[in-house]
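This report describes strand pairing, cysteine geometry and a few loop positions in a single protein model. The sequence and structure come first, and the account follows.

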Amino acid sequence: MKIALISDTHDHTDRLAAALEVFADRRAEALIHAGDMVAPFTARALLAFDGLIRATFGNCDGERVGLSNILKKSIAAPPVTFELAGRSFVLAHDISQIPEALLGSADVAVVGHTHSPSRTQNNGTLIINPGECCGRVTGQSTVALLDSDDLSVEVINLP
């Protein structure tokens with residue numbers, strides 16, 4: 001299964017739209033958002049994704065009630081754990097929000113916050129940061145695509 005990974009959209013709905021277009025072209029069946037959507041209108045735009053959505057809150061997500069009203073059970077406070085495509089996931093905005101025991105037991109951890117894409121390992125857990133969708137801090141708007149079969153990760157620079 002192709003799984004779209006995104007973080008730190010920070011209300012840049014134009015960048016989010018570009019990301020959703022890439023994910024549709026790549027036939028992603030699920031989307032994981034690692035926080036900092038910021039406002040409910042961005043969450044509403046995220047619903048254009050045609051597939052399963054899992055999300056968590058980031059440090060800039062002040063309007064949590066509004067985000068929850070739109071995303072319903074698809075969003076929760078970190079750390080969020082779930083199974084998807086035969087893999088165990090833990091999701092948080094900041095890696096510091098994931099207890100060490102969860103890092104050792106999950107197949108994949110998805111995080112954001114640093115605005116820099118990365119792929120590392122910790123206690124057997126693949127830790128992926130797709131970077132910043134918004135492109136505000138680094139000047140590069142990035143997302144990632146995870147293949148659940150072989151856990152390969154592609155970081156994608158948005159057009």
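A disulfide is counted here as a pair of cysteine sulfur atoms within 2.5 Å. The model is predicted, and by this rule the count comes to 0 disulfides. The sulfur of Cys-60 lies 9.5 Å from the closest cysteine sulfur, in Cys-134, which is too far for a bond. Cys-134 is likewise in no disulfide, and the nearest cysteine sulfur to it, that of Cys-133, is 7.2 Å away. Cys-60 is partly exposed, with a relative accessible area of 35%, whereas Cys-134 is buried at 5%.

The accessibility of four positions discussed in this report is listed below.

| Residue | State | Relative accessible area |
|---|---|---|
| Cys-60 | partly exposed | 35% |
| Cys-134 | buried | 5% |
| Ser-7 | buried | 0% |
| Gly-112 | buried | 2% |

**The open sheet**

6 strands form an open sheet with mixed pairing, in the order β4-β3-β2-β1-β10-β11. β4 (75–76) and β11 (152–157) stand at the edges; each has a single partner strand, so one side of each is left without a neighbour in the sheet. Strand β1 (residues 2–6) pairs with strand β2 (residues 30–33) in the parallel sense, over 4 bridges. One of the bridge partnerships joins Leu-5 to Ile-32 in β2. Helix α1 (residues 13–25) packs on the sheet, where it touches β1, β2, β10 (142–147) and β11. The direction of helix α1 makes about 165° with that of β1.

**Strands β5, β6 and β7**

Strand β5 (residues 80–84) and β6 run antiparallel and are joined by 5 bridges. Glu-83 stands opposite Ser-88 in β6. The two strands β5 and β6 form a hairpin with 2 residues between them, and Ala-85 in the turn has a positive phi of about 55°. On to the next pairing, β6 and β7 run parallel and are joined by 3 bridges. The bridge partner of Val-90 in β7 is Ala-109. Between these strands the chain crosses from β6 through helix α4 (residues 100–105) to β7, in a right-handed β-α-β crossover. Strand β6 (residues 87–91) is mostly covered, with 4 of its 5 residues buried.

**Two buried loop residues**

Ser-7 is found in the loop between β1 and α1. With a relative accessible area of 0%, Ser-7 is buried. Leaving aside neighbours within four places in sequence, the contacts of Ser-7 are His-33, Ala-34, Gly-35, His-93, Gly-112, His-113, Pro-130, Gly-131, Glu-132 and Cys-133.

Gly-112 sits in the loop between β7 (108–110) and β8 (118–122). Gly-112 is also buried, at a relative accessible area of 2%. Not counting residues up to four places away in sequence, Gly-112 touches Ser-7, Asp-8, Ala-34, Ala-92, His-93 and Asn-129. Ser-7 and Gly-112 are thus in contact with each other, and Ala-34 and His-93 appear in the contact lists of both residues. Gly-112 and Asn-157 are 45 residues apart in sequence, with a C-alpha to C-alpha distance of 16 Å.

How values were computed. Residues numbered from 1 in each chain as written. Predicted model: local features only at pLDDT ≥ 70, side-chain atom pairs only at ≥ 80, totals over all residues. Heavy atoms only, no water. Buried < 20%, exposed > 50% of the residue type's maximum accessible area, 1.4 Å probe, protein only. Contact = heavy atoms within 4.5 Å. Pairing = 2+ DSSP bridges. Axes fitted to C-alpha atoms, helices over the stretch in contact; angles between N-to-C directions. Right-handed = clockwise from strand over helix to strand, strands pointing away.
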